[in-house]
Protein chains: 2
Amino acid sequence: MKVRIIDIAKKAEVSTGTVDRILHNRGKVSKKAEEKVKKALKELGYAPDILARNLAMKKELHIVCLLPNPEETKYWSRPVAGIQKAINELSVFKVRISKVFFSSQATSFEEACQKALALNPNGVVYVPMFREPSVTFANSLQKNNIPFIHLNIFQQELKPLSFVGQEAYSAGKVAASLCDLALNANDKILIAYISGEMQEYSHLQSRIEGFTDYFGDKGINESRIEHFYVKVSADKKNYEKSFLDFLSSAGNIKIIYVPNSRAYRIASILKKHNIKNILVIGFDTLEENLELVKEGYIRFLIAQQSKNQGYNAVILLFNALFKREKINNNYFLPIDILNKENIEFYDGIINSL
Amino acid sequence: MKVRIIDIAKKAEVSTGTVDRILHNRGKVSKKAEEKVKKALKELGYAPDILARNLAMKKELHIVCLLPNPEETKYWSRPVAGIQKAINELSVFKVRISKVFFSSQATSFEEACQKALALNPNGVVYVPMFREPSVTFANSLQKNNIPFIHLNIFQQELKPLSFVGQEAYSAGKVAASLCDLALNANDKILIAYISGEMQEYSHLQSRIEGFTDYFGDKGINESRIEHFYVKVSADKKNYEKSFLDFLSSAGNIKIIYVPNSRAYRIASILKKHNIKNILVIGFDTLEENLELVKEGYIRFLIAQQSKNQGYNAVILLFNALFKREKINNNYFLPIDILNKENIEFYDGIINSL
DNA sequence: TTGTATGCGTTATCAG
DNA sequence: CTGATAACGCATACAA
């Protein structure tokens, strides 16, 4: 029935110890023994019982997760929650999963990388938020033979084991396709850039490109697209008036596209001034955004199962490490469309298992 | 650190055997021993190591899944795939998971129920497709103390351990909210009933109610909603002409709502006749539907993570049975909105873990 | 270089 | 009623 180590040991006419040495290539095996065992392995089709393995293991695996501090950037609280879920679920196994947070400066990221390396991890999940330091980090990991998975930001050049996140360009197109439904002949579109601190988000750019490309393909070009910039940290809350001024002077704005998670900043202004004829579309399920979707001031949110993002990355790495599963590159998460009607169902069973 | 059976045995001054008897209430324990053990259990906070348990278990759990034959009704192939995924994932545990299919007659369903009971399952997942036979089945299960989970069709009166599926009424509302975006002043809506065999789908009715209620709330009532009925089995393919006739006589139809998984039947007629100005919205990710979404003849699909539906139900029951987890009632799955732009990402990581 | 023995935390059997 | 003990499949320390 089930092929055990002892079965292949018998078949190969060696002891279980020898088989084990080959399985874990600990060396100290004769060529002859090795051949016999490998033959038996193939013929009988051995697959380890990972549960028994876990029971017997002395030392534990260590997975380190490196991501922005959720107290600074709200978006990250959900991926962190997903990681926590994975921690709970994997608690029966001999794995330790640590979280290391960094803040919005590149130096903080670099420090976190050092900290992570010092922990001597068997595997790493990280968000390659800053380009240069990420390259350095990836190189260190590779040198030490530590597999790693990228979260949220796509950086294929660094050759991660896998990427878990959303395809940002397409997400922008999805947003555009929804706006398209509501757009009439002379309506204009406003893209609002509400930036926070971190500036190296390449996916922000992609979300905008996807959006404008969609309309470009339909012959709707720059003449009907306005742009409004806010740097939150500098302008504090003082952008409200300038935004309203911009809005009235631009005229005919039917749609406002906010390519990051800060749609709530725009929508709350509209709410305050009771402006209801503009369709706001944004990203991510921050509490603030959810609330305004329910109230009707944000019409659509594009979501990326941010909780599962963290969860999946950890589970994936665990499987690779513990079960020695091969994993494919690049797990693009679904591009979810949320509105007032379906939003309450978004955290269904997936997130509670 | 970790509390084991032997730890509580020592604390309670009994043997591990006695503790085991209490843990599994196999009886044959004195009151005194029981009290001492229960006290120790509480104080030390024992939680079983399910991996060690699995290793030691002699007999295996048996979960039986009862659902419509996917070869008859295409929708079911994805839940079945999800069940298969759960089977693979759980293969390391001592669980057997069997599938029993039934066809579109109530008698077939009843037979399947008999078959399922004869398998002496420890737990059952089933689709309560027919009302009366489902009541009988649920009663038998309850009498034999076999926990069960309902799939896809909501029948709370039968007191399943849980329900896994979509809230159909809200799904109808979601569909309506999308149509709403595209609906102009004098446009009309057509609801197309393309029925197959099985007639006891209460959720079909709910999907329609949700849809019409949404528009009712906005003051769009029956005067702007047309209805078209096809009984596929009777009319074979001959409804094409009658449908086209209906369409042109009704006039001004901007939206066609197909509240089941057969939107492709309508959309393929539109495709054949090159009709592009009508927005078709339907349900479920059948291959045929996906294709027509990509080609633009179906504008939206409402999906319910049908693969996860099967997967989650099995995992949930396994957790309840094996880990003795308490589970909450009613896991409503997300109401997913798919269109040409996001559909290729729909089968992301969730389905490949 | 190889084989043997012990333990991981449970379950379940078998004497008492 | 109770306690002791042999599996379960694997990892690992140790002996040869």
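**Two chains and two DNA strands**

Trainee: How far is a phosphate oxygen of DNA strand D from an N or O atom in the side chain of Asp20(A)?

Mentor: This is a predicted model, so the value is computed from predicted positions. A polar contact here is a pair of N or O atoms within 3.5 Å. The pair formed by the side chain of Asp20(A) and a phosphate oxygen of DNA strand D is separated by 3.4 Å.

Trainee: Which residues come closest to DNA strand D?

Mentor: DNA strand D is surrounded by 25 residues. Both chains appear among the closest, which are Asp20(A), Tyr46(A), Arg53(A), Arg21(B) and Ser30(B).

Trainee: What share of the atoms of DNA strand D within 4 Å of the protein belongs to sugar or phosphate?

Mentor: A phosphate oxygen of DNA strand D lies 3.2 Å from a polar side-chain atom of Arg4(A). Bases take part too, as a base oxygen of DNA strand D is 3.2 Å from a polar backbone atom of Leu55(B). Counting the atoms of DNA strand D within 4 Å of the protein, the part that is sugar or phosphate is 67%.

Trainee: Which helix gives the largest share of the surface near DNA strand D?

Mentor: At least two residues of this surface come from each of α4 of chain A, α2 (16–23) of chain B and α4 of chain B. By type, the residues of the surface are eleven nonpolar, five polar and nine charged. The largest share, four residues, is supplied by α4(A).

Trainee: Which helix gives the largest share of the surface near DNA strand C?

Mentor: For DNA strand C, the elements that each supply at least two residues are α2 (16–23) and α4 (50–56) of chain A and α4 (50–56) of chain B. The surface near DNA strand C holds twelve nonpolar, six polar and nine charged residues. Its largest share, four residues, comes from α2(A).

Trainee: How far is a polar side-chain atom of Arg53(B) from a phosphate oxygen of DNA strand C?

Mentor: His24(B) also places a polar side-chain atom by this strand, 3.0 Å from a phosphate oxygen of DNA strand C. Leu55(A) uses a polar backbone atom instead, 3.2 Å from a base oxygen of DNA strand C. For the side chain of Arg53(B) and a phosphate oxygen of DNA strand C, the distance is 2.9 Å.

Trainee: What kind of rotation axis relates the two copies?

Mentor: Chain B is superposed on chain A by a rotation of 180° with 0.0 Å of shift along its axis, at an RMSD of 0.1 Å. The two copies are thus related as by an axis that is two-fold.

Trainee: Why do the copies meet through the same surface?

Mentor: The interface residues of chain B can be checked against those of chain A. The copies meet through the same surface because the part of the chain B interface residues that are also interface residues in chain A is 100%.

Trainee: Which strands stand at the edges of the six-stranded sheet in chain B?

Mentor: The sheet is open, has mixed pairing and follows the order β7-β6-β8-β9-β10-β12. An edge strand has a single partner, so one side is left without a neighbour in the sheet; in chain B these strands are β7 (225–231) and β12 (336–338).

Trainee: Which residue of β10(B) is the bridge partner of Phe283(B)?

Mentor: Strand β9 (residues 279–283) and strand β10 (residues 300–303) of chain B run parallel and are joined by three bridges. In β10(B), Phe283(B) is bridged to Ile302(B).

Terms used: Residues are numbered from 1 along each chain as its sequence is written. Chains are lettered from A and ligands numbered from 1 in the order in which they are written. This is a predicted model: local features need pLDDT of at least 70, side-chain atom pairs count only at pLDDT 80 or more; totals for chains, interfaces and linings use all residues. Side-chain values use heavy atoms; hydrogens and water are left out. A polar contact is a pair of N or O atoms within 3.5 Å; within protein, one must be able to donate a hydrogen and the other to accept it, and residues adjacent in sequence count only if both atoms are side-chain atoms. Ala, Val, Leu, Ile, Met, Phe, Trp, Tyr, Cys and Pro count as nonpolar, Asp, Glu, Lys and Arg as charged, and the others, Gly among them, as polar. Two strands pair if DSSP finds at least two bridges between them. Copies are superposed by least squares on the C-alpha atoms of residues with pLDDT of at least 70 in both. Contact means heavy atoms within 4.5 Å. A residue is near a molecule or strand if one of its heavy atoms lies within 4 Å of it.
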